[in-house]
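The following paragraphs walk through a structure, beginning with a question about its architecture and moving from the chain as a whole to a single helix and its two faces.

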Amino acid sequence: MNPYLICALLIFLGSILVVLEVFIPSGGILGIVAGTAFVYAVIHGFNEGSTTGLVVLLGSAVAVPIALTIAFKLWPKLSLIHISEPTRRYAISYAGFCVKK
């Protein structure tokens, strides 16, 4: 597989995980996995060459603020809903996001 494609996919995966970290309470696990994807992309880039590594490092440095900006711009457009099922023997409660109209 093309090493540039692998780096691009890892940066994309890390960016998606950063956005999900904002919306899903994972206790930081998604953030750690996102950071790992970015670090692996940079390491893989530097294994291909110093120029490739620097480009991947720059791409990662740009991708994180863009992903966070997108996440926080989406935040006000979403509404947190609470769903509970009190009819069960043990009450179950869910939380989720829906788009405001």
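What covers the buried residues of H3? In this predicted model, the cover includes helix H1, which spans residues 3–23, and helix H2, which spans residues 29–48.

To place that answer in context, consider the whole chain, whose secondary structure amounts to three helices and two strands, arranged along the sequence in the pattern α-α-α-β-β. The protein chain has 101 residues, of which 28% count as buried, and its accessible surface comes to about 7,100 Å², with 72% of that area belonging to carbon and sulfur atoms. Among contacts between residues at least 6 apart in sequence, 41% join residues that are at least 24 apart.

Helix H3 itself comprises residues 50–74, and from the first C-alpha to the last its 25 residues reach 36 Å, close to the 36 Å expected at 1.5 Å a residue. The buried residues in H3 are Thr52, Gly53, Val56, Ser60, Ala63, Ala67 and Ala71. An α-helix has 3.6 residues a turn, so residues three or four places apart point the same way.

Elsewhere on the surface, Leu58, Val62, Ile66, Ile70 and Leu74 make a nonpolar patch of about 440 Å². Leucine 58, one of these patch residues, lies in helix H3 and counts as exposed because its relative accessible area is 55%, where the cut-off for exposed is over 50%.

Technical notes. Residues are numbered from 1 along each chain as its sequence is written. This is a predicted model: local features need pLDDT of at least 70, side-chain atom pairs count only at pLDDT 80 or more; totals for chains, interfaces and linings use all residues. Side-chain values use heavy atoms; hydrogens and water are left out. Patches are made of residues with over 30% relative accessible area and no salt bridge: like charges are joined within 9 Å, nonpolar side chains (Val, Leu, Ile, Met, Phe, Trp, Tyr) within 5 Å. Accessible areas come from the Shrake-Rupley method with a 1.4 Å probe; for residues, only the protein chains shown count as cover. A salt bridge is a side-chain nitrogen of Lys or Arg within 4 Å of a carboxyl oxygen of Asp or Glu. Helices (H or I, at least four residues) and strands (E, at least two) are DSSP runs, numbered from the N terminus. Buried means under 20% relative accessible area, exposed over 50%, partly exposed in between (1.4 Å probe, protein chains only). Contact means heavy atoms within 4.5 Å. The expected span of a helix is 1.5 Å times one less than its number of residues.
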